[in-house]
Amino acid sequence: MKELAGRLTAVDPDAGAAVRVIAYFDRLSESRAGLEALVRGAAVLAGVPARLVDAERRVRVRVEADGTRRDSGTPPDPGWPSAALVPGGAAALWLERAEAAPSVVDAVILERAAGAVRLVLDRTRGRAPVDDPALVETVLDAGAPEAARVHAARGLGLDPGGTARALAPLDGRPLVMTGRVDAETLTGRTGTGRVGVGPEVPVLDLPRSWAQARTALRFTAEGTAQDPGPRVVHADELGGVALLADLVAPGAEAPPDVRALEAAGASTPWLLATLDAVVSTASLRAAAAEINVHHSTLQDRLSHAEHLLGWPLRTPQGRLRLQLALTMRHLTRS
């Protein structure tokens, strides 16, 4: 093949390059290379970033031209050269090249790489549902053997050498996701309920992400007047506040400040939402805008709330005490 490529290059450089591309991907396929290696090969040979997108299987791999993996949550540009993994299918391999039409070499890269990717997906994932509960349970189970978790990861379309994160919906089964997690993606995958989002970790470390996702879930709220707060909480944004989850057991007797909040909220419908706005915005004016009241109205509400709770709310110490009380309220009811 190398001799043939050399002869063709002397006559037609594109033809010689195409033969070398075919030989390259044949070698990768023979060595049973994984998805990332195949996408990396396409990127390096084409000299532009390449990305594999299979939304149904939740497979997204993007590699820069220098071989560095750098995934992106933005959708591919329809104008980029691409090759579908199956005829008429949405899953495809893309080359991030601005030209309207691919070169002969680009076309060969896409065709050979897409074919090799399809074989890997068929081999590692087969026809298993992408959200197979048994596979998700296995990949999140710290007590499962590593070999079993690797097999489950491949069954879910995950690269065992890549990264992913666990999600803990309040009403629903656990989920595993790759790439950037935004509000639109979460709504599509989990509905609009409360969700704890674990940190992005190596796939074989997903049990840790799952444990942190469950902790983050305890900090979520319904987002209503009587249960104000975020419906989605990311574990890696909690910082040291996450330590409170170890100190406040679910269902335990509420601390005095939480009991004071509950009593005040029961007698004053606007109180909890107002106090949540005070601790979650940068200033009292911002808090007033958040709940759509005049600044003077907010001041009156705070005076009434201070009388009901028994501590000041307009000092740094008072706001911290209030924030801790609201947080512990979430943790005790979880």
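Reader: How many cavities of 30 Å³ or more turn up in a search of the whole structure, and what makes a space a cavity?

Author: The search finds 1. On a 1 Å grid over the protein atoms alone, a cavity is a set of points where a 1.4 Å probe fits but cannot get out. This is a predicted model, where local features need pLDDT of at least 70, side-chain atom pairs count only at pLDDT 80 or more, and totals for chains, interfaces and linings use all residues. Residues are numbered from 1 along each chain as its sequence is written, and side-chain values use heavy atoms, without hydrogens or water.

Reader: What space lies in the largest cavity, and which residues are closest to its centre?

Author: About 110 Å³ (the space filled by probe spheres set on the points, which are joined across faces, edges and corners). Its lining, meaning residues with an atom within 4 Å of a point, has 13 members, and Arg69, Gly157, Leu158, Asp159 and Thr178 are closest to the centre. Strand E2, residues 59–63, gives the most, with 3 residues; strands are DSSP runs of E of at least two residues, and helices are runs of H or I of at least four, numbered from the N terminus.

Reader: Why is aspartate 227 called buried?

Author: Buried means under 20% relative accessible area (exposed is over 50%, partly exposed in between; 1.4 Å probe, protein chains only). Aspartate 227 has 8% relative accessibility, so it counts as buried. This residue sits in the loop between H8 and strand E9 (232–234). Beyond its neighbours within four places in sequence, aspartate 227 is in contact (heavy atoms within 4.5 Å) with Ala221, Glu222, Arg329, His330 and Arg333. Across the protein, 46% of the 334 residues count as buried.

Reader: How do you know that the span of helix H8 agrees with its number of residues?

Author: The expected span is 1.5 Å times one less than the number of residues. For the 13 residues of H8 (206–218) that gives 18 Å, and the end C-alpha atoms are 19 Å apart, so the two agree. Among the buried residues of H8 are Trp210 and Arg218.

Reader: What makes a space a pocket, and which residues are closest to the centre of the second largest pocket?

Author: A pocket is an open set of points with protein on both sides within 12 Å along at least five of seven lines. The second largest pocket holds about 350 Å³ of space. Of its 16 lining residues, Phe219, Pro230, Gln323, Thr327 and His330 are closest to the centre. Helix H11 (271–280) and helix H14 (316–333) each give two or more residues to this lining, and H14 gives the most, with 6.
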